[in-house]
Amino acid sequence: MIQSKFKWQMQKTPDQQLIKKFAEGLKVDPLIAAILLQRGFNDISAAETFLKPSVKSFHDPLLMHDMAKGISRIQQAIESAEQITIYGDYDADGITSTTIMFEVLTDLGANVDYYIPNRFTDGYGPNSAAFKKIINGGTTLIVTVDNGVAGSEAIDVANDLHCDVIVTDHHSLPDKLPNAYAIIHPRVKNEEGLAYPFGELSGAGVALKVAQALTDELPVDLIDIASIGTVADVVSLTDENRAIVKFGLTAIQNTQRPGLLALIKLANINLASFDEQDIGFGIAPRLNSLGRMDDANVGVELLSTFDEDRASQLADFANQQNDTRKSLVDQFYQEAVQMVEASGDADHRATLVVVGKDWHQGVLGIVASKLLEKYGRPTLVLTTIKDTDELKGSGRSIDSFDLFAAIDPMRDQTIGFGGHHSAVGLTIKAEKLQVLRDQLEKAANDQHLDLSQKPTCQVMTALPAAKVTTDLVDQLAVLAPFGQDNDKPTFEILYDRLTNVKTMGQTGSHLCFSLVQGNQSLNAVAFRKGHLAAQLLQDSDNVRVVGQLSNNTWNGRTNVQLMVADLSQSPAPIVDKRTKQLRQQMFTEPGVYVFFHEKLYNQLKSYVANDATAVLYDQVGTVDDPKRLFIVDCPDVVSDLKGVLQKCHPDFTILYLFKKRPVSKWGMPDRHSYAKLFRFVKQYPNFNIATHLQQLADHLDIASQTIVFMIQVFLELDFITVQDEVVNLNPNYRSKNLSSAPSYQLREEQLEAEKSLLASNTNELVSFVQHCLAD
């Protein structure tokens, strides 16, 4: 059976009368109207503004914090022929931001230069040494783009050297803003407590607004570059960003920039159908590769030069850097997968840390992203740094785990650390590697990371394959450009037969097939799902498919193609939904919910739905026809679970197997620990276990939970007496085997149960339950 990667969330179908009203008012297909309503557009006017952005979609740039002050200072510098240096960033948004600012200042006659810090020597953002170098070269005004709001230290250095700094940025605001001459940022509030009307601009978007304020008109000659930065930085494609990209795509189709045209040609992009995906998958990676592999400064020259020979040369270089980047990513990813598989960490750890030897630092974040996609857990990829004892790397995370917060408690043990919820960069001493691994696992526990929870896939509606046409796809394009906060609509495709299953790609890593309904056949492509081909060829019954639709033109013919987002087959009889946290919504489905612990049963039985039953494991025989079984908690003894399964013979078993405090965390005490505790009790009579447990734990260097367990074992063996929490040695104790104590035997059985039911991977667990049912 094929397990879905995502949890499919089918969107509620809007009221049919409302759909009709929107469709007629906007003159769009009812499907478009339904999607707009599903996405929160409550009136036709707002929807029309969204569908048809205009010049009115651009807000007044002077509404942005410090814009007027910053513009005045720039104009003063231009008039006085001061040396201005634009301080950029090495990613695509930074390169495009720098290009925009450089071109507008050049056109205004400024004495201007630009500096993009090197990822490997300068790092991200304002760098004190770089600022000193720039200022010593004669600069009296630095304008940052796509960075600077967190650069207090370097900005203070510039102030001391009598150089003004104007920050133009869009990144998260620090607790304290830097002491810059002006801070132009869409989310910084003005003196009246108001922020710019749209706070989600990219760095290139902010630079475009500065250019608009400087020229007192919308700089249409720069909007092509701004659209590249906006798409590349994956910001919200709504409001002003949507207008930037919508107009920018048209501008790119008519661009005269030799460098951009050369990049488009090398990326094999059809300019006539150029869209946001061509930026995201064709242009942006080539610009990003410049900063990832070496020096990004050439990216500005590539975009701004009108020397066709130089543009062609630089485009070739960017393409080569991108090919090198892809090659290194593939190499390091394969090595990383081998490390993870060899270590078994994907089966036993909630987080992954991979360390390569002298890997190129510029691609570590991409490798981490690919590992995250494969294993579905927070991942750090580090590399050794030649001739040092340091490790440097990047991390990527899932929505339910704050990676920055996870590492922040050990910040003082890092050499460098920064980032946010989903992505971090850090440098540590090699000797701190285990500390880092342990901290991540602790954070996973503290944040209640539940890897069984799948990310959500929003499915608009179900579409019959017979109704999917090129005309429908053309109509859906009115919702474009697609991206953050305006995803390309995902549909479930209804069909009669799944045929023509094949693999694609040099290594067969991709999958293609056809969905047939009546006389209509819809081609489907599923990237990185080639491994499912054998399963589909053997059994394609009850397979559900969701994905996005696009028109694909080949040899002059245009056909609809489904880009598969996910596949799912009817649920297996045994479903692994192990969890570290029980939620009320987990008890809403019909069935029998089996508890192995009476206390938990009493706490949660009221949560069980009216058409379901809650029962203790030894009472399942009283339930009529228990064919759908939910195993809520983990039994202490495996045989208890076997008994339940064999009594019920369920058609469908869902395994939550919740356990608040697994005993495997402490394990079974060794004989040396028992001996230490026994000697202590013998030496120190009248010990109060209630008031001095932690002191005893610290003294013996044994966990307090383990001491409580050992005292229970001693008590059951009559080695000690306990009266009013006071422990004393039994003067008449007789030597007995520790394993004869009931608590000792229970602990052994609990450990065995946890090994089989909690520590196993999904395949092992399903196999175990199948054997229980077969016995």
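This is a short group-meeting talk on the domains, three helix pairs and two backbone details of one chain.

Okay, hi everyone. Before anything else, keep in mind that what you see above is a predicted model.

Let's start with the overall layout. The domain assignment cuts the chain into domain 1 (58-320), domain 2 (344-447), domain 3 (456-569), domain 4 (574-660 + 756-774) and domain 5 (664-740). Notice that domain 4 is given as two segments, 574-660 and 756-774. If you want a feel for the spacing, the C-alpha centres of domain 3 and domain 4 are 36 Å apart.

Now, what does UniProt say? Its entry, which is unreviewed, lists "domain: DHHA1" at residues 353-444. Over that stretch the model has 32% helix and 30% strand, and the C-alpha atoms at the two ends sit 13 Å from each other. The unreviewed entry also carries "domain: Single-stranded-DNA-specific exonuclease RecJ C-terminal", placed at residues 574-768. There the chain is 41% helix and 18% strand, with 10 Å between the end C-alpha atoms.

On to helix packing. For a pair of packed helices, the usual description is the angle between the axes plus the distance between them. I've got three pairs for you.

Pair one is H5, residues 92-107, with H12, residues 276-293. Their axes come within 8 Å and cross at roughly 90 degrees, so H5 is roughly perpendicular to H12. Who makes the contact? From H5 we have Ala 92, Ile 95 and Thr 96, and from H12 we have Ala 284, Leu 287 and Asn 288. By residue class, that contact has four nonpolar residues, two polar and no charged.

Pair two is H9, residues 223-232, and H10, residues 239-253. Here the axes come within 7 Å, and the crossing is at roughly 125 degrees. That angle makes H9 oblique to H10, and the crossing is left-handed. The list of contact residues runs on a bit, so I'll just pick from it: H9 contributes residues including Ile 223, Ile 228 and Val 231, while H10 brings in, among them, Ile 244, Phe 247 and Ile 252. Sorted by class, the contact of H9 with H10 gives ten nonpolar, four polar and one charged.

While we're on H10, have a look at Asp 239, which belongs to that helix. What is phi doing there? For Asp 239 it comes out near 50 degrees, a positive value in a residue that isn't glycine. If you're setting up torsion checks, that's the entry I'd point to on the slide.

Pair three: H13, residues 297-304, against H14, residues 308-343. The packing angle is about 135 degrees, and the axes are 9 Å apart. H13 and H14 are therefore oblique to each other, again with a left-handed crossing. On the H13 side the contact uses Val 298, Glu 301 and Leu 302; on the H14 side it's Arg 310, Ala 311, Leu 314, Ala 315, Phe 317 and Ala 318. Seven of those are nonpolar, none polar and two charged.

One last backbone item, for the omega people. Which way round is the peptide bond from Ala 480 to Pro 481, cis or trans? In this model that bond is cis, with omega near 5 degrees. As for where Pro 481 sits, look in the loop between helix H19 (470-476) and strand E14 (491-494).

That's my tour, thanks.

Terms used:
Residues numbered from 1 in each chain as written. Predicted model: local features only at pLDDT ≥ 70, side-chain atom pairs only at ≥ 80, totals over all residues. Heavy atoms only, no water. UniProt positions renumbered as here; feature names shortened; annotations may be inferred. Helix = DSSP H or I, 4+ residues; strand = E, 2+ residues; numbered from the N terminus. Axes fitted to C-alpha atoms, helices over the stretch in contact; angles between N-to-C directions. Parallel < 35°, antiparallel > 145°, perpendicular 65-115°, else oblique. Left-handed = near helix turned anticlockwise from the far one by under 90°. Contact = heavy atoms within 4.5 Å. Nonpolar A, V, L, I, M, F, W, Y, C, P; charged D, E, K, R; others polar. Domains from an automatic or database assignment.
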